Amino acid sequence: MKIISITAILILAVSGCGRLEQVGKAPEFNAPQQSNEHFAMMRTPFPETNETVRPTQEASLWRSGRDSLLGNQRAERVGDILTVVIEIDDKAEISNNTSRSRTGSENLSIPGLLGLPQSLNKKLPDGASLDNAVSTNSSSSSDGTGSVRRNEKLTLRVAATVVDVLPNGVLAVQGSQEVRVNFELRELLVNGYVRPTDITRQNEISYDKIAAARISYGGRGQITDVQQPRLGQQIADIVLPF
């Protein structure tokens with residue numbers, strides 16, 4: 001038992017060393033060069049086979065292709081960037097009431113059964129009789145009430161990168177954003193799958209049109225660290241049976 005206790009203390013000490021290194025320092029950003037967005041931007045785009053390449057004169061005011069003024073600016077290839085608009089304003093209210101009641105009664109009397117009750121009543125104590133041999137009453141009732149009320153509102157905009165083009169033409173997008181204020185770092189992550197036809201002419205798409213959307217908005221730093229329970233308390237909440 002002593003060895004187990006020492007081992008647990010060593011594990012907690014090692015896990016806390018990384019946090020001790022951040023004392024007096026602001027949380028560091030994640031390196032963008034190690035993200036999937038950077039990898040997608042560094043990939044060679046697919047060749048354009050549907051468009052006819054037309055040579056243009058250097059002095060011409062008109063240019064064809066995506067880079068032109070009236071060209072299609074929507075993201076459609078690996079490495080392209082689009083804006084994800086997150087406007088969540090959900091409200092849910094559920095209320096349930098359950099009521100149940102049951103009443104039962106049973107009565108069995110044998111005033112005359114071959115004369116046995118009369119003969120047995122003489123041998124019973126005073127006041128006892130077999131005229132009503134069995135008589136039972138039962139009742140049960142239960143009431144239940146439950147309610148759920150949730151209200152969530154979140155308005156954000158983040159640039160996401162096309163990291164892959166699936167065989168059916170659907171775009172896999174992923175975006176991240178980090179903002180550091182003093183010693184607190186706010187992090188926004190979003191990823192999912194987008195149909196190119198759902199992207200607007202402004203190269204934007206709302207979160208409700210992203211399939212398998214995964215949106216995370218949180219942070220790390222001194223304030224977040226204070227709000228989290230200590231490691232020992234978290235372990236105690238899991239292990240203790242009461």
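This report describes the fold, strand pairing, salt bridges, backbone angles and surface of a predicted model.

## Overall architecture and confidence

The secondary structure of the protein consists of five helices and six strands. Along the sequence these elements follow the order α-α-β-α-β-β-β-β-β-α-α. Of the 242 residues in the protein, 17% are buried. The protein exposes about 19100 Å², and carbon and sulfur atoms supply 54% of this area. Among contacts with a separation of 6 or more, 69% are between residues 24 or more positions apart.

The predictor's confidence varies along the chain. The average pLDDT of the protein is 75, and 62% of the residues score at least 70. Helix α1, residues 2-20, has the lowest confidence, with a mean of 59. The highest value, 93, belongs to strand β5, residues 204-206.

## Strands β1 and β2

Strand β1 covers residues 81-108 and includes Asp89. With a relative accessibility of 53%, Asp89 counts as exposed, because the exposed class begins over 50%. Beyond its neighbours within four places in sequence, Asp89 is in contact with Asn151, Glu152 and Lys153. The C-alpha atoms of Asp89 and Glu152 are separated by 5.7 Å, although these residues are 63 residues apart along the chain.

A salt bridge also involves strand β1: the side chains of Glu93 and Arg149 meet at 3.0 Å, N to O. Glu93 lies in strand β1 and Arg149 in strand β2 (residues 134-165), so this pair ties together parts that are 56 residues apart in sequence. Both partners are exposed: Glu93 has a relative accessible area of 58%, and Arg149 has one of 69%.

## The β3-β4 hairpin

Strand β3 (residues 171-181) and strand β4 (residues 184-194) run antiparallel and are joined by eleven bridges. Within this pairing, Glu178 has Glu187 in β4 as its bridge partner. The hairpin of β3 and β4 has two residues between the strands, and Asn182 there adopts a positive phi near 55°.

## Salt bridges

The count of salt bridges comes to six. The table lists three of them, with the N to O distance and the relative accessible area of each partner.

| Salt bridge | N to O distance | Basic partner | Acidic partner |
|---|---|---|---|
| Arg149 and Glu93 | 3.0 Å | Arg149, 69%, exposed | Glu93, 58%, exposed |
| Arg195 and Asp198 | 2.9 Å | Arg195, 49%, partly exposed | Asp198, 15%, buried |
| Arg230 and Asp225 | 3.8 Å | Arg230, 40%, partly exposed | Asp225, 32%, partly exposed |

The pair of Arg195 and Asp198 brings together partners from two accessibility classes. Asp198 counts as buried because its relative accessibility of 15% falls under the 20% limit. Arg195, in contrast, is partly exposed, since its relative accessible area of 49% lies between the limits of 20% and 50%. In the bridge of Arg230 and Asp225, made at 3.8 Å, Arg230 is partly exposed at 40% and Asp225 is partly exposed at 32%.

## Positive phi angles

Most residues other than glycine have a negative phi. Asn182, already described in the hairpin of β3 and β4, has a positive phi. Asn203 likewise has a positive phi, near 60°, and is not a glycine. Asn203 is located in the loop between β4 and β5. Its relative accessibility is 13%, so Asn203 counts as buried.

Ala212 also takes a positive phi, of about 50°, while not being a glycine. Unlike a loop residue, Ala212 belongs to a strand, namely β6, which covers residues 211-221. Ala212 is partly exposed, with a relative accessible area of 42%.

## A nonpolar surface patch

Ile235, Ile238 and Val239 make a nonpolar surface patch of about 330 Å². Of these residues, Val239 is found in helix α5, which spans residues 231-239. Val239 has a relative accessibility of 60% and therefore counts as exposed, the limit for this class being over 50%.

Methods
Residues numbered from 1 in each chain as written. Predicted model: local features only at pLDDT ≥ 70, side-chain atom pairs only at ≥ 80, totals over all residues. Heavy atoms only, no water. Patch = residues over 30% accessible without salt bridge, like charges linked within 9 Å, V, L, I, M, F, W, Y side chains within 5 Å. Areas by Shrake-Rupley, 256 points an atom, 1.4 Å probe, with all protein chains shown as cover. Salt bridge = Lys/Arg side-chain N within 4 Å of Asp/Glu carboxyl O. Helix = DSSP H or I, 4+ residues; strand = E, 2+ residues; numbered from the N terminus. Buried < 20%, exposed > 50% of the residue type's maximum accessible area, 1.4 Å probe, protein only. pLDDT = per-residue confidence, 0-100. Pairing = 2+ DSSP bridges. Contact = heavy atoms within 4.5 Å.
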